[in-house]
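This note is for a colleague who has not seen the model before. The points below go through it part by part.

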Amino acid sequence: MKKGDFILIGSILAVAAVSLLVYRYMGSVAAQWAVVTVDGQEYGRYPLDEDQEILIQGAAGGTNLLVIKDGYADVTDASCPDKLCVHQHKIRDNGETIVCLPNKVVVTAVNSGRPALDGVVR
Amino acid sequence: MNGKVAKYGMLVALAFILSWVEALIPFGNLGIPGIKIGLANLVVFAAIYLCGPWGALLISLVRIVLSGLAFNGMFYMIYSLAGGMLSLGVMLLCRKCRYFSKIGVSVAGGISHNIGQICVAALTLGSSSVFYYFPVLLIAGTVSGAVIGCVGGIVLEKLPRGIIGG
């Protein structure tokens, strides 16, 4: 191994560690909403303190079953073949995400109930 | 020419088999999308040293199309393509600058594979929230890149020159 290898691996791991820490800091708050987007458009916004089941109509006719229970949001069933979204862990903390690539469905736990803003200029 | 055809054919077959082995392992159960060893990248990595940039590109493309059709489905081909091409490009650059050993080259390839895929995911989903998985995928890319680099380095050393001569 050359010196460059150590610098490369060291800096990648440092970047990963810092972003994990930032996420942990951001995510330490339990979120209030599960925001669902399909193909980049907001599909719905559901309170996490209300147990419910939502059948999401994804892109290209696919469906995902979103279950909200005990403050957690979880995708428990899907029409896609690989079921990666079903295997992903249930989410509760701010910023946590469940993704279904084939149906273009993203479920994100969000802290604020206001419509998502791209940014605020003061 | 004949030797070249045989060599490329063998490497494509090897990559195809490794893709199949990889498809048998249920990484989905980990709960994090996109984590894999990338066994087939071992062949692409070796091809960089055995066949040069164009040979490696050819083998990588054929491998992606074949395994896309056979195992992963057409839908994931664009992800493999984005990851595979970015990773190959980065590995070629890293090899060229001579600042890294084989392990460094492979680690750079591993993380750029994941970065390429996460960028395509963000584009097709129209959502940046997939970057939530970015740190974990960076670590996964580093580990799998290091493994591929170590194994690839050993394989390249042990290969008799006569069989698959450069």
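1. A place to start is one pair of residues: Val38(A) stands opposite Gln41(A), which belongs to strand E2(A). The model is a predicted one, and every value in this note is computed from it.

2. Val38(A) lies in strand E1 of chain A, which spans residues 33-38. E1(A) pairs with E2(A) in the antiparallel sense, and 6 bridges join the two strands. A second facing pair is Val36(A) and Gly44(A), the latter in E2(A).

3. What links E1(A) to E2(A)? The two strands form a hairpin, with 2 residues between them. In the turn, Asp39(A) has a positive phi of about 55°.

4. This hairpin is part of an open sheet of 4 strands in chain A, in the order E2-E1-E7-E6 with antiparallel pairing. Its edge strands are E2 (41-47) and E6 (97-100) of chain A, and each of them pairs on one side only. On average, neighbouring strands of this sheet are turned by 15° against each other, direction ignored. As general background, strands of a sheet pair through backbone hydrogen bonds, and the pairing is either parallel or antiparallel.

5. Chain A also has an open sheet of 3 strands, ordered E3-E4-E5, again with antiparallel pairing. Why is one side of strand E3 (52-57) and of strand E5 (72-78) left without a neighbour in the sheet? Both strands of chain A stand at the edges and have a single partner strand each, so one side of each has no neighbour there. The twist in this sheet averages 25° from one strand to the next.

6. Within the sheet of 3 strands, strand E4 of chain A (residues 63-69) pairs with E5(A) over 6 bridges, in the antiparallel sense. One bridge can be picked out by its residues: Val67(A) has Asp74(A) in E5(A) as its partner.

7. How many residues does each chain bring to the contact between chain A and chain B? Chain A gives 34 residues and chain B gives 32 residues. About 2,800 Å² is buried between the two chains, and carbon and sulfur atoms give 70% of that area. On the chain A side, Ile12(A), Tyr23(A) and Leu101(A) lose the most area to chain B; together they make up 20% of what that side buries.

8. The last point concerns empty space. Counting cavities of 30 Å³ or more gives 1 cavity, and the largest cavity has a volume of about 30 Å³. Its lining consists of Asn41(B), Val44(B), Ser60(B), Gly84(B), Ser87(B) and Met91(B). Helix H2 (40-72) and helix H3 (77-96) of chain B each supply at least two residues of this lining. By type, the lining residues are 2 nonpolar and 4 polar, with no charged residue.

Conventions:
Residues are numbered from 1 along each chain as its sequence is written. Chains are lettered from A and ligands numbered from 1 in the order in which they are written. This is a predicted model: local features need pLDDT of at least 70, side-chain atom pairs count only at pLDDT 80 or more; totals for chains, interfaces and linings use all residues. Side-chain values use heavy atoms; hydrogens and water are left out. On a 1 Å grid over the protein atoms alone, a cavity is a set of points where a 1.4 Å probe fits but cannot get out, and a pocket is an open set with protein on both sides within 12 Å along at least five of seven lines; lining residues have an atom within 4 Å of a point. Grid points are joined across faces, edges and corners, and a volume is the space filled by probe spheres set on the points. Ala, Val, Leu, Ile, Met, Phe, Trp, Tyr, Cys and Pro count as nonpolar, Asp, Glu, Lys and Arg as charged, and the others, Gly among them, as polar. Two strands pair if DSSP finds at least two bridges between them. Axes are lines fitted to C-alpha atoms, for helices over the stretch in contact, and angles run from 0 to 180 degrees between N-to-C directions. Contact means heavy atoms within 4.5 Å. Buried area is the accessible area (1.4 Å probe) that two parts lose on being put together, summed over both.
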